[in-house]
Amino acid sequence: MLSNMKKFNILVIDDNVRDWASLYEILEANDFNAKTAVSGEGGLQLLANETFDLIFLKVELDKMDSYRICQSIKSNSDYRNIPVLFIIDSNDLMVVKDIYDSGGDDYVAKPFIWSELVKKLRIHLELKFSREISKNMNQILEAKVAQRTMELEDSYKNLEQAKRELELLAVAK
């Protein structure tokens, strides 16, 4: 489904240069546009200035609470539909509840299994765009229903008017 679509923009927020560099490399190798930020503040600035389709967010950043960053993203109507995937250490599964509680959509564990990472990325992008298509279709259907309702109301008014005219003609005879 995604192969026929645009090149997706992915934001990586991670203060570990080695980790984000390897993630950046695999994203670019799989035909994604990747941008990186080495701090939560830098990531939020990039998000304010550019459009992203998905965000990878390291669970433990040095200067900013990653859960608050996620909550900030999800509370903003401009960004809330962007999937946020947390990056965790494989032995740190205790944070999974906090990830979901903060609004995170999923997580990937380090060391990365590249095929799993790319598969999760594609799944969340497909979900995002399926939701957008569904939302657009609902808006189109709602507009059609409103138009049809207005047409029916006009037809009903015309019938009522015709009925009154027939009643007047019947009384006039």
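Where is P111 found in this structure? In the predicted model described here, P111 lies in the loop between β5 and α5, the latter spanning residues 114-172. The peptide bond that leads into this residue, from K110 to P111, is cis, with omega near 0°.

K110, on the other side of that bond, belongs to strand β5, which covers residues 106-110. With a relative accessible area of 13%, K110 falls under the 20% limit and is therefore classed as buried. The side chain of K110 is joined to that of D19 by a polar contact of 2.7 Å. When neighbours within four places in sequence are set aside, the residues in contact with K110 are D19, K58, I87, I88, D89 and S90. Of these, K58 is part of strand β3.

The strand β5 that holds K110 is one member of an open sheet of five strands. The strands follow the order β2-β1-β3-β4-β5, and the pairing is parallel. In general, strands of a sheet pair through backbone hydrogen bonds, in either a parallel or an antiparallel sense. The edges of the sheet are occupied by β2 and β5, each of which has a single partner strand, so one side of each is left without a neighbour in the sheet. From one strand to the next, the twist averages 25°.

Strand β3 follows β1 and precedes β4 in the strand order. Strand β1, formed by residues 9-13, pairs in the parallel sense with β3, formed by residues 54-58, over four bridges. Within this pairing, I10 has L54 as its bridge partner, while the bridge partner of I13 is L57. A parallel pairing over four bridges also joins β3 to strand β4, residues 84-89. Here L57 stands opposite F86 of β4. L57 thus takes part on both sides, with I13 as a partner in one case and F86 in the other.

Burial of β3 is complete by residue count: five of its five residues are buried, so the strand is largely enclosed by the rest of the structure. The side chains of β3 are divided between two directions, with L54, F56 and K58 pointing one way and I55 and L57 the other way. The residues pointing in both directions are all buried.

Attention may next be given to the aromatic rings. The model contains four aromatic pairs. In one of them, formed by F112 and W114, the ring centres are 5.2 Å apart and the planes meet at 45°, so the pair is tilted. The two residues differ in exposure: F112 is buried, with a relative accessible area of 14%, whereas W114 is partly exposed, with a relative accessible area of 32%. Elsewhere, ring pairs link F8, F32 and F129 into a cluster. A further arrangement involves a charge and a ring, in which the charged end of K120 sits over the ring of Y107, 4.8 Å from its centre.

A backbone feature is also found at D31, where phi is near 70°, a positive value in a residue other than glycine. D31 is placed in the loop between α1, residues 17-29, and β2, residues 33-37. The strand that follows this loop, β2, is one of the two edge strands of the sheet.

Key:
Residues are numbered from 1 along each chain as its sequence is written. This is a predicted model: local features need pLDDT of at least 70, side-chain atom pairs count only at pLDDT 80 or more; totals for chains, interfaces and linings use all residues. Side-chain values use heavy atoms; hydrogens and water are left out. Rings of Phe, Tyr and Trp (its six-membered ring) pair if their centres lie within 6.5 Å; planes under 30 degrees apart count as stacked, over 60 as edge-to-face and the rest as tilted. Buried means under 20% relative accessible area, exposed over 50%, partly exposed in between (1.4 Å probe, protein chains only). A charge sits over a ring if NZ of Lys or CZ of Arg is within 6 Å of the ring centre and within 35 degrees of the ring normal. A polar contact is a pair of N or O atoms within 3.5 Å; within protein, one must be able to donate a hydrogen and the other to accept it, and residues adjacent in sequence count only if both atoms are side-chain atoms. Contact means heavy atoms within 4.5 Å. Two strands pair if DSSP finds at least two bridges between them. Axes are lines fitted to C-alpha atoms, for helices over the stretch in contact, and angles run from 0 to 180 degrees between N-to-C directions.
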